[in-house]
Amino acid sequence: MATGARCIGILTSGGDCPGLNAAIRGVAKPAISDFHVEVIGIEKGFRGLVENHSRVLHQHDITGILSLGGTILGTSREKPHKMPLPNGETVDLTPRAVETYHRLGLDCLVCLGGNGTHKVAYSLMKHGLNIIGLPKTIDNDLAETDTTFGHDSAVSTAAQAIDRLYSTAEAHLRVMVIELMGHKAGWLTLAAGIAGGADIILIPEIPYDMDSICQHLTERRRRGKWFSIVAVAEGARPRSAVAAAPKEDGEKKKDKKKKDRKAKHDDKKGKLEEKKERPFLASTDADTFLDGRASSRVAKAITLRLGMETRVTVLGHLQRGGIPTPFDRILATRFGTHAAEMLAQGVYNQMVALKGAEITSVPLEQVAGKTKLVPLDHALIRAARRVGTNFGD
Ligand code: F6P
């Protein structure tokens with residue numbers, strides 16, 4: 001029979017989201033007081049593991065944080081096997097991460113994160129570390145769990161934003177295009193779009209056709225509705241672009257990614273220099289500034305084709321900020337306390353998950369490297385279509 005953990009590390013990695021502190025509290029409170037486990041907070045995600053930025057967490061560190069946004073541990077997107085160097089290149093520092101784990105005397109590393117985090121956690125598991133994963137992300141795109149904490153809070157923020165756009169859209173008879181987060185999966189845009197009553201919802205899983213969108217808007221105008229709300233996921237793409245995109249093989253993709261990373265680094269450097277030169281951006285320049293975004297593309301096409309006035313709102317990081325909803329606080333607490341019970345029993349290398357009404361856990365290898373996309377026949381899509389929502393298809 002496996003023995004329980006005596007000392008654990010806990011870190012938050014990837015983009016932050018509401019509910020991370022509730023989950024840290026959910027793990028650490030029972031770990032410290034019920035199971036007498038020492039809890040070490042690793043700061044700034046996996047960077048903290050590589051560089052050994054850590055501190056022991058005491059009861060007073062984890063009280064009063066249930067409803068706090070962000071993460072008391074800090075976070076980063078850095079991965080031990082791809083630590084960035086000042087010249088834009090990356091270096092594999094996995095051995096250093098493994099060394100820190102052993103130097104701290106950890107029996108398990110609890111990783112709170114999304115897809116990227118679980119991929120890294122799985123690779124550290126293969127280097128001999130004991131891991132427990134907790135699923136967080138506003139995108140809700142982690143495999144093997146019905147939902148992730150952070151998602152409900154983001155849906156609530158985005159739905160409120162759509163509510164606010166409605167009144168101004170109606171007052172000015174405009175088409176308001178709101179862009180929400182989600183590069184690969186459209187869960188957030190779909191849920192917020194339904195909750196906010198968006199007339200058109202565009203998600204990455206359903207490539208859109210401008211003809212369909214324009215037809216829908218024209219039909220609404222015919223019925224006297226001269227204003228509309230379009231909710232667009234940042235990864236939504238027109239059908240033509242999807243059809244034209246060449247299929248890349250694995251190696252080519254890797255090469256391209258490396259080149260893109262380098263180009264991004266150089267570009268950032270260039271932009272910083274350019275910024276020093278550039279005068280203050282007047283509001284009339286906003287359109288140019290937004291060019292290339294999914295929302296801008298859609299808005300411009302609507303104006304050009306139908307002559308309708310459009311405005312673009314990119315909600316951005318507002319979706320990740322603020323306090324968690326009660327749903328997320330409860331979910332994060334359930335995930336966290338479940339993880340603490342697993343630690344006490346010495347059950348490792350699993351991700352805690354929600355299946356139906358039950359909290360359970362699934363092997364990390366079933367989660368790592370997988371993205372949960374919206375199935376085209378999902379009940380939410382069917383319900384939205386029933387109330388007349390157009391998906392641009
Ligand atoms: O990883 C979740 C996510 O919210 C994505 O939907 C979004 O594209 C991304 O984070 C933005 O991340 P960053 O904070 O690094 O700009």
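In the predicted model, Arg293 is in contact with Glu179, Glu234 and Val314 once residues up to four places away in sequence are set aside. Arg293 is located in the loop that runs between α10 (286-290) and α11 (294-306), and its relative accessibility of 31% places it among the partly exposed residues. One of these contacts is a salt bridge, in which the side chains of Arg293 and Glu179 meet at an N to O distance of 2.8 Å. Because Arg293 belongs to the loop between α10 and α11 whereas Glu179 belongs to strand β8, this pair ties together parts that are 114 residues apart in sequence. Glu179 itself counts as buried, with a relative accessibility of 3%. The C-alpha atom of Arg293 is separated by 10.0 Å from that of Ala233, a residue 60 positions apart from it along the chain.

A search of the whole structure finds 15 salt bridges, and among them is the pair formed by Arg47 and Glu78, whose closest N and O atoms are 2.3 Å apart. Arg47 lies in helix α2 (residues 46-51) and Glu78 in the loop between β3 (54-56) and β4 (83-84), so that this salt bridge ties together parts that are 31 residues apart in sequence. Glu78 is partly exposed, its relative accessible area being 22%. A further salt bridge links Glu219 with Arg223, with the closest N and O atoms 3.7 Å apart; Glu219 is partly exposed, at a relative accessible area of 31%. Salt bridges with shared partners also join Arg47, Glu51 and Glu78 into one network.

Asp141, which is situated in the loop between β7 (131-135) and α5 (151-172), presents another arrangement of charge. This residue is buried yet has no salt bridge, and the nearest side chain of opposite charge, that of Lys184, is 7.0 Å away. Apart from its neighbours within four places in sequence, Asp141 is in contact with Asn115, Ala185, Trp187, Lys370, Thr371 and Lys372. Lys184 is placed in the loop between β8 (175-180) and α6 (187-196), and its relative accessibility of 56% means that it counts as exposed. Together with Arg77, Lys79, Lys82 and Lys119, Lys184 contributes to a patch of positive charge on the surface.

Cys111 occupies a position in strand β6 (residues 108-113) and is buried, with a relative accessible area of 1%. When residues up to four places away in sequence are not counted, Cys111 touches Leu11, Phe46, Thr117, His118, Ala121, Ile131, Ile132, Gly133 and Leu134. The C-alpha atoms of Cys111 and Gly45 are separated by 8.6 Å, although these two residues are 66 residues apart along the chain.

For the chain taken as a whole, the secondary structure comprises 13 helices and 13 strands. Of its 393 residues, 48% count as buried, and the chain exposes about 19000 Å², of which carbon and sulfur atoms supply 54%. Among the contacts that join residues at least 6 apart in sequence, 74% are between residues at least 24 apart.

Definitions and conventions
Residues are numbered from 1 along each chain as its sequence is written. This is a predicted model: local features need pLDDT of at least 70, side-chain atom pairs count only at pLDDT 80 or more; totals for chains, interfaces and linings use all residues. Side-chain values use heavy atoms; hydrogens and water are left out. Patches are made of residues with over 30% relative accessible area and no salt bridge: like charges are joined within 9 Å, nonpolar side chains (Val, Leu, Ile, Met, Phe, Trp, Tyr) within 5 Å. Accessible areas come from the Shrake-Rupley method with a 1.4 Å probe; for residues, only the protein chains shown count as cover. A salt bridge is a side-chain nitrogen of Lys or Arg within 4 Å of a carboxyl oxygen of Asp or Glu. Lys and Arg count as positive and Asp and Glu as negative; His and the chain ends are not counted. The place of a charge is taken as NZ of Lys, CZ of Arg, CG of Asp or CD of Glu. Helices (H or I, at least four residues) and strands (E, at least two) are DSSP runs, numbered from the N terminus. Buried means under 20% relative accessible area, exposed over 50%, partly exposed in between (1.4 Å probe, protein chains only). Contact means heavy atoms within 4.5 Å.
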